[in-house]
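Here are my notes for anyone opening this structure for the first time. Have the sequence and the 3D view at hand while you read.

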Amino acid sequence: MVKFGASLLSWILPEWKAVEGAYAIQKTAAAGFDVLEILLPPSMKINTKTVRKQLQEHHIQAICSFNLPANCHIPFYPDQAYDAIKSALNKAAELESTILAGVLHSGIGVFSGSVKTAEETETVVQVLALCADYASRLGVTMCLEPVNRYESYVCTCAADVLDLVEQVGSTALALHLDTFHMNIEEDNFRDPVINSGSHLKHMHITESNRGMPGEGNVHWDDLFEALAKINYDGALVLENFSSAINGMAERVNLWHPSTYNAQDLAEGSLAFIKQKALDYGL
């Protein structure tokens, strides 16, 4: 059966600090989630021994994610990207996360001014092949998240990631889909899931407006029907945000006040996706 997760961003700003991190773990457990997705900071400053203990005390499983910073954009800085991903993989392993998800194909918001070239693709494949080899030795699967055209030109849809997975040819490389980005870039919510099959290992669940699921444009029944068809058994992690968290609006571009506070948004979203999972036998 699938597990239900909350992103770190459900509770705190997108950066790990000891006190705030402990708070996020407590809130995740209290709200009834199984998993907390920990967005690893570029600095990798996180005391994994302490965090692992806190997670165990609250019966919460960690899934790690990492987004390459601008100075690790693979087509421009392949060596730096390799080192950064290796560091993230080490932290994931230390936190007993079998997955490292996120934007691992390029730096968010970095553009070349042109479409992706064959040479850039070759560089990305070479770096990811090295990273996948390292990940396999740690028992971690790298799940690449395609993001919308305003955040990347390297991977914007499921097909882009599946192409990289095929070229690399490692079982340590997989796909991570996010319904927010799917709503912008995919033709529908069914076909990318079906076409991904067993390569789909991680899901971000969020409404088209980053608000409460069911109150936007995502076609949830199409999505869950497809997930059931491929027997998806990964995590469903909520990645919606509330401007009620001080400083969140500026960090994730929430330029209008959120309808819900963080607690109500998390609990309402969890109830929604649990019901959908139940309806479709996940």
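The points below go through a strand, the empty spaces and the aromatic rings.

1. A word of caution before anything else: this is a predicted model. Please read each point below with that in mind.

2. Let's begin near the start of the chain, with strand 1, which covers residues 3-7. Is this strand mostly covered or mostly open? Mostly covered: four of its five residues are buried.

3. Strand 1 has a neighbour from much further along in the numbering, strand 8 (residues 235-238). The two run parallel and are joined by four bridges. If you want a spot to look at, take Phe-4, whose bridge partner in strand 8 is Leu-236.

4. Strand 1 also pairs with strand 2 (residues 35-39), again in the parallel sense, this time over three bridges. Here Gly-5 is the residue to pick out, as it stands opposite Val-35. To get from strand 1 to strand 2 the chain passes through helix 1 (residues 18-31), and the resulting β-α-β crossover is right-handed.

5. Now for the enclosed space. How many cavities of 30 Å³ or more turn up in a search of the whole structure? The search finds one, and it holds about 50 Å³ of space. Its lining includes Pro-146, Thr-156, Cys-157 and Ala-158, along with Leu-177, Asp-178 and His-181. By class, the lining residues of this cavity are five nonpolar, two polar and three charged.

6. Which elements give two or more residues to that cavity lining? They are strand 6 (173-178) and helix 6 (179-185). Helix 6 supplies the largest share, three residues.

7. Next, the open spaces. The largest pocket has about 840 Å³ of space and is lined by 33 residues. To find its centre, look for Asn-67, Ile-108, Glu-151, Arg-251 and Val-252, which lie nearest to that point. The lining splits into 18 nonpolar, eight polar and seven charged residues.

8. Some elements from the earlier points come back in this pocket. Strand 2, helix 6 and helix 9 (248-252) each give two or more residues to the lining of the largest pocket. Helix 6 gives the most, with three residues, just as it gives the largest share, three residues, to the lining of the largest cavity.

9. The second largest pocket comes in at about 260 Å³. It has 15 lining residues, and Asn-209, Gly-211, Pro-257, Ser-258 and Thr-259 are the ones nearest its centre. Seven of the lining residues are nonpolar, six polar and two charged.

10. On to the rings: the model has four aromatic pairs. One of them joins Phe-76 and Tyr-77, with centres 6.1 Å apart and 85° between the planes, which makes it edge-to-face. Both rings belong to partly exposed residues: Phe-76 has a relative accessible area of 37%, and Tyr-77 has 33%.

11. Why is the pair of Trp-220 and Phe-272 called edge-to-face? Because their planes lie at 70°, with the ring centres 5.6 Å apart; the angle needed is over 60 degrees. This pair links distant parts of the chain, since Trp-220 sits in helix 8 (residues 220-229) and Phe-272 in helix 10 (residues 262-279), 52 residues apart. Trp-220 and Phe-272 are both buried, and together with Phe-224 they form one aromatic cluster.

Terms used. Residues are numbered from 1 along each chain as its sequence is written. This is a predicted model: local features need pLDDT of at least 70, side-chain atom pairs count only at pLDDT 80 or more; totals for chains, interfaces and linings use all residues. Side-chain values use heavy atoms; hydrogens and water are left out. Buried means under 20% relative accessible area, exposed over 50%, partly exposed in between (1.4 Å probe, protein chains only). Two strands pair if DSSP finds at least two bridges between them. A crossover is right-handed if, with the strands pointing away from the viewer, the path from the first strand over the helix to the second runs clockwise. On a 1 Å grid over the protein atoms alone, a cavity is a set of points where a 1.4 Å probe fits but cannot get out, and a pocket is an open set with protein on both sides within 12 Å along at least five of seven lines; lining residues have an atom within 4 Å of a point. Grid points are joined across faces, edges and corners, and a volume is the space filled by probe spheres set on the points. Ala, Val, Leu, Ile, Met, Phe, Trp, Tyr, Cys and Pro count as nonpolar, Asp, Glu, Lys and Arg as charged, and the others, Gly among them, as polar. Rings of Phe, Tyr and Trp (its six-membered ring) pair if their centres lie within 6.5 Å; planes under 30 degrees apart count as stacked, over 60 as edge-to-face and the rest as tilted.
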